[in-house]
Structures are given as structure tokens and as C-alpha cells.
Amino acid sequence: MSEPSKPDPVRVRLVKAGRTKISYPADLLADDGTRVTVRAAWAGDGVRDFGFVRFEPGDVFTEHYWRDRWYAVKEVRSGDGTVKGWYCDVTRPVTLDGADIVCEDLDLDLWVSADGTQVLRLDEDEYAESGLAERDPAAARAAAEALDALELLARNGELTGLLGLSR
């Protein structure tokens with residue numbers, strides 16, 4: 001019996017306001033030409049406690065990026081495999097630059113707890129302060145529509161279906 005092939009290594013680059021905010025290694029799990037899926041360990045320093053969830057060493061993120069949608073959805077699991085929830089970033093459609101997945105963060109985020117009872121819109125103040133609406137009104141409209149679409153999917157229990165997962 002042959003061993004399963006090892007995923008290709010890639011690098012995820014999260015860009016904000018024209019600068020790389022964070023860059024981290026990931027394993028490419030799938031790329032169908034529209035959606036790119038990677039798996040990565042928590043790339044932050046230590047623990048990040050948001051109050052509603054803690055990201056910490058040992059957490060594993062399965063991240064879904066689209067070339068034709070204005071968001072990314074990241075399933076967050078603890079080190080023991082328990083689903084913590086889904087962190088959704090409103091972004092420009094992802095691009096690939098060699099082995100780099102480049103994702104431009106547009107400040108708006110959504111958190112969905114594992115049981116689906118907690119759906120939180122995040123960082124709307126940062127988004128307002130970013131000036132995107134003045135600089136790029138079309139992108140601002142797309143970002144707001146993406147957040148609304150993600151929230152609707154989450155509140156209707158359809159977010160996991162978008163990812164091809166069952167709850």
C-alpha cells in the first residue's frame with residue numbers, strides 16, 4: 001500500500017493597508033481553480049483571547065479562500081480536534097503569487113461559534129476608520145455585502161454547507 005501524498009507547502013500572506021500584516025506557512029489541501037483550502041497551525045505569538053474565543057498554540061486552522069468571493073472562512077480547532085468555530089474575514093478575492101496565497105484584509109470579520117448560537121460581527125469600527133468607503137466605494141460595497149452574506153449563511157446554519165462540511 002502506498003503512503004498518502006504529503007500536501008504542498010504554501011505561504012499565506014495577510015495584507016492590510018498595503019503591508020503584510022502576517023505571513024505563515026500552510027499545507028495546501030485543495031485548489032479547484034476557484035477555492036483554495038489550506039491547513040495551518042495558529043501563527044500568532046502565544047494566546048489571543050477575544051473574550052468569545054481563545055486562539056492558542058496547538059490550534060489548527062483549515063482556511064478556505066476564494067478567487068471570486070470577497071471573504072475567507074477559517075475553521076478553528078483546538079489541538080485535540082474540537083471545533084471552536086469559524087472566523088470569517090472579509091477580504092478582496094484571493095490571489096496566488098507563486099507559492100504565496102495573498103489575501104487583502106478589509107477589516108470586517110464575523111465569528112461563528114461551533115454550535116452556531118453565537119454570530120458576531122467584528123471590527124466594524126476599524127472598517128469605518130480605514131477610509132475604504134472614500135478610497136474605493138465599489139470595494140466598500142462588496143465588503144459590506146460579503147459580511148451580510150456571511151452573517152445570513154451563519155444565522156441560517158448554512159456556513160458549513162458552503163465549505164462542504166456537515167454540522
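Student: Which strands each supply at least two residues of the lining of the largest pocket?

Tutor: In this predicted model, β1 (8-16), β2 (19-31), β3 (35-41), β6 (60-66), β8 (83-91) and β10 (100-113) each do so. The pocket holds about 540 Å³ of space. Among its 25 lining residues, Leu14, Lys21, Trp42, Arg48 and Tyr87 are the closest to its centre.

Student: What makes up the lining of the largest pocket by class?

Tutor: The lining has 13 nonpolar, 1 polar and 11 charged residues.

Student: Why is the pair of Phe50 and Phe55 called edge-to-face?

Tutor: The ring centres lie 5.1 Å apart, and a pair requires centres within 6.5 Å. The planes of Phe50 and Phe55 form an angle of 70°; because edge-to-face applies over 60 degrees, the name holds for this pair. Phe50 and Phe55 also belong to a cluster linked by ring pairs, together with Trp42, Phe52, Phe61, Tyr87 and Trp111.

Student: Why is Phe55 called buried, and how is Phe50 classed?

Tutor: Phe55 has 4% relative accessibility, and buried means under 20%, so Phe55 counts as buried. Phe50 has a relative accessible area of 24%; because this value falls between 20% and 50%, Phe50 is partly exposed.

Student: How do you know that β6 and β7 pair?

Tutor: Pairing requires at least two bridges, and 6 bridges join β6 to β7, so these antiparallel strands pair. One of the bridges has Val60 and Arg77 as partners. Arg77 also has a bridge partner in β8, namely Val83, and β7 pairs with β8 in the antiparallel sense over 7 bridges.

Key. Residues are numbered from 1 along each chain as its sequence is written. This is a predicted model: local features need pLDDT of at least 70, side-chain atom pairs count only at pLDDT 80 or more; totals for chains, interfaces and linings use all residues. Side-chain values use heavy atoms; hydrogens and water are left out. Rings of Phe, Tyr and Trp (its six-membered ring) pair if their centres lie within 6.5 Å; planes under 30 degrees apart count as stacked, over 60 as edge-to-face and the rest as tilted. Buried means under 20% relative accessible area, exposed over 50%, partly exposed in between (1.4 Å probe, protein chains only). On a 1 Å grid over the protein atoms alone, a cavity is a set of points where a 1.4 Å probe fits but cannot get out, and a pocket is an open set with protein on both sides within 12 Å along at least five of seven lines; lining residues have an atom within 4 Å of a point. Grid points are joined across faces, edges and corners, and a volume is the space filled by probe spheres set on the points. Helices (H or I, at least four residues) and strands (E, at least two) are DSSP runs, numbered from the N terminus. Ala, Val, Leu, Ile, Met, Phe, Trp, Tyr, Cys and Pro count as nonpolar, Asp, Glu, Lys and Arg as charged, and the others, Gly among them, as polar.
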